[in-house]
Amino acid sequence: MKPHENMTPEAICTPDFAAALQAYDRALADSQALLTSTRFERGIELRHVKRIVQPLVEAALSQEPTTVGLTWACSKNEPWAHGVHVCIVSIGMGQRLGLDRGALVELGVAALLHDVGQSARTDASVAPSRCGEEWRAQVAAYPILGVEALANSTTLNRTSLRAMRVALEHHACGQSGYPKLSAGSRPAAASRLVAVADAFVSLLSLNGERGEGITPYEALGLVLGQAGEGFDGALKAALVRAVGVYPPGQVVELDDHALARVFAPSAADPERPIVERVTTPEGGILADHERVVMRLSRDSSVLRALPFDEWPDLSADAAAA
């Protein structure tokens, strides 16, 4: 079952979502097939990676909100799904920065493969606790493993070299970054952009069950602030334009006091996203067939982003109660 199959018919049929969701589903399925450790033993042709990325780029260039896929980013995502989500955000940022179609495809390829070192591990059964020296050493080795995996499994050309550089450098931003670059060196522009997208998606993926973790709104705030130290201001601005002030997946309170779940930003106004109403103004939870997906008009606004402990239970049982 696809993660969005319980969306309302209005959302699925809306042109704003149809192609974007189709591209997202295809990217997830193809990335899962492509980014496995056994696949690297046979090599990876970048033309297959480009086939994953191109529909995402086309959807973004047609003003469809490809970032709708971020609604389902969570801590249970596999590395290949994380790569798709970072790819979506990177393409959205690149578009806002004025990159053309060809540049967006190359950026998307690099973003999709940015953590390829983790996917290429042959000791996947070894999973140290997410703390301690062993885990830190393993994480620090991923960029090098990524470069090696790409060098050994692809044909060397401009696209593969850029992907290698992004795989190596996307964690090297800031004083505490890794691996340490030579004196006077700075990560490439694509590496810095993917670093911002990766930081946001990584924080976004920390949300777990209802009431746990941090919200998408809080994740964005962290990247713009404490967690984004060393990131370029222009890239932070591009991130806001790509995901909106209220990122996909966030639950917000509207000005009529109804609650809504954000699906995607509006290209015209990042403060007025595309949302699905999930409660009545009085607080009653709407059943799936009663929920309406809409763009907030100039007469409507978001009052606030809700912390996790105020999110309603949107399960079918709760709606039917």
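The largest nonpolar core, a set of buried Ala, Val, Leu, Ile, Met, Phe, Trp, Tyr and Cys residues joined through side-chain atoms within 4.5 Å, has 71 residues, and those with the most contacts inside it are Val89, Met93, Leu113, Phe200 and Leu239; buried here denotes under 20% relative accessible area, with a 1.4 Å probe and protein chains only. Its largest share, eleven residues, is contributed by α10, helices being DSSP runs of H or I with at least four residues, numbered from the N terminus. A second, separate core of nine residues includes Ala260, Leu296, Val302 and Ala305. The model is predicted, with pLDDT of at least 70 needed for local features and 80 or more for side-chain atom pairs, whereas totals for chains, interfaces and linings use all residues. Residues are numbered from 1 along each chain as its sequence is written, and side-chain values use heavy atoms, with hydrogens and water left out.

Leu239 touches Val89, Met93, Val196, Phe200, Leu220, Val223 and Gly244, leaving aside residues up to four places away in sequence, where contact means heavy atoms within 4.5 Å. Helices α11 (residues 216-224) and α12 (residues 233-243) pack at an angle of about 165 degrees with their axes 10 Å apart, and α11 is therefore roughly antiparallel to α12, a term for angles over 145 degrees. Leu220, Val223 and Leu224 of α11 meet Lys236, Leu239, Val240 and Val243 of α12 in this contact.

Cys173 lies in the loop between α9 (158-169) and α10 (189-204), and counts as buried because its relative accessibility is 17%. Its C-alpha atom is separated by 6.9 Å from that of Pro187, 14 residues apart along the chain.

Note on methods:
Helices (H or I, at least four residues) and strands (E, at least two) are DSSP runs, numbered from the N terminus. Buried means under 20% relative accessible area, exposed over 50%, partly exposed in between (1.4 Å probe, protein chains only). Axes are lines fitted to C-alpha atoms, for helices over the stretch in contact, and angles run from 0 to 180 degrees between N-to-C directions. Angles under 35 degrees count as roughly parallel, over 145 as roughly antiparallel, 65 to 115 as roughly perpendicular and the rest as oblique.
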